[in-house]
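Reader: I'd love a close look at the cysteines in this one, please. Could you walk me through how they pair up and how they sit in the fold?

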Amino acid sequence: MTIKPIILVMVYLQTYTANGQIICERQMSVEWRTQPKHHIMKWTLMNNSCSNFYTDCWNINTNIERNILEQQALNVPQICPLQLQLGDSLFISSEASFQSHGMNLGNVSMEEFIRCPPKDFLQDQLIFGCRLRGMHQVDPRWLGVGTHYFAEVQTKGPPLCNLGLRLNVTVKQQFCQQSSNAPFCSRHGRCLSHVWEEAYNCHCSQQYSGRFCQEFDACSSKPCQNNASCIDTREGTIGDSYECACPSQFAGKNCSEIIGQCQPHACLNGNCSNVTPNTFLCECDKDFTGKKFILFSML
């Protein structure tokens, strides 16, 4: 029997110090990965902890519109919060000096996260079936979609939760595929999630719209000139699927042609050229600014 090795990718949240405070570095927007990742979180009070939930833990401006009471309540020492994709694996690596404490982790409520778990914490909410020694994988049942709060549950020795042994984990799913085998965002956008968003969604490229960027909008590039109205004639297809409703003195596919024929000084500071027996164009001289075509009606 062949045993396949498990490859773990060491993913530590990087931090830096500003004015004596540890700041967790992170991206504000993240793109969905096509393959799940193994995350290893060091269960330690050193290097990767923070105190102010927004400015330190999330490295954002506190002027953002958030619930003030919630903001103040979550300002407790904690390990840098973690965001995962649904399907990612999480491993907890205990610091060697903590292993003699015989600690465990509990799946706690927000209130218990803030105040730390009580001594009579429910056994069925313990993350691991044994004391935390070395590295343990968090069972996927604790990593469903949503926000989870993990905290140290004291078995012996001094309590360490209040010092920062607690972790906020958010697990996100994606809504970027019309079906399980469909391409992400119909290959016309990116599957992204902002740090405060609850899921990954499509951010469409120019001229595409819809939940999965499946709709092509020919009018989004504003092809009709001279205040003409653009009409999308073939919704969902790619190409010249639009028509321009031109004002009375203009004609052509994009209403760029002037009805009439070239006459002396018709284009003022530019060159006049007849396009059809009934329309002409004005092309500006190099030294003049404004629209490429100076529009002048010979009525």
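**The cysteines up close**

Author: Let's begin with a cysteine that stands apart: Cys284 has a relative accessibility of 17%, so it counts as buried. Please keep in mind that this is a predicted model.

Cys284 is also without a bonded partner in reach. The closest cysteine sulfur belongs to Cys282, and at 8.1 Å from the sulfur of Cys284 it is too far for a bond. The cut-off for calling a disulfide here is a pair of cysteine sulfurs within 2.5 Å.

Cys282 itself is bonded elsewhere: a disulfide joins it to Cys267, with an S to S distance of 1.9 Å. The torsion about that S-S bond is about -75°, so the Cys267 and Cys282 disulfide is left-handed. This pair links distant parts of the chain, 15 residues apart: Cys282 lies in strand β21 (residues 279-284), while Cys267 lies in the loop between β19 (257-259) and β20 (270-276). Both ends are hidden away, as Cys267 counts as buried at 2% relative accessibility, and Cys282 is buried with a relative accessible area of 1%.

Now let's widen the view. Across the whole structure, a search finds eleven disulfides, and two others are worth your time.

One of them joins Cys116 to Cys161, with 2.1 Å from S to S. Its torsion about the S-S bond is about -90°, so this disulfide is left-handed too. The Cys116 and Cys161 pair also links distant parts of the chain, with the two positions 45 residues apart: Cys116 is in the loop between α2 (110-115) and β9 (135-137), and Cys161 is in the loop between β10 (146-153) and β11 (166-172). Cys116 and Cys161 are both buried.

The other joins Cys204 to Cys213, again with an S to S distance of 2.1 Å. Here the torsion about the S-S bond is about -95°, so the Cys204 and Cys213 disulfide is left-handed. The two ends of this bond differ in their surroundings: Cys213 is buried, with a relative accessible area of 0%, whereas Cys204 is partly exposed, with a relative accessible area of 31%.

To gather the threads for your own calculations: the bonds Cys116 to Cys161, Cys204 to Cys213 and Cys267 to Cys282 are the ones described here, among the eleven disulfides found. Cys284, with its sulfur 8.1 Å from that of Cys282, is too far away for a bond.

Note on methods. Residues numbered from 1 in each chain as written. Predicted model: local features only at pLDDT ≥ 70, side-chain atom pairs only at ≥ 80, totals over all residues. Heavy atoms only, no water. Helix = DSSP H or I, 4+ residues; strand = E, 2+ residues; numbered from the N terminus. Buried < 20%, exposed > 50% of the residue type's maximum accessible area, 1.4 Å probe, protein only.
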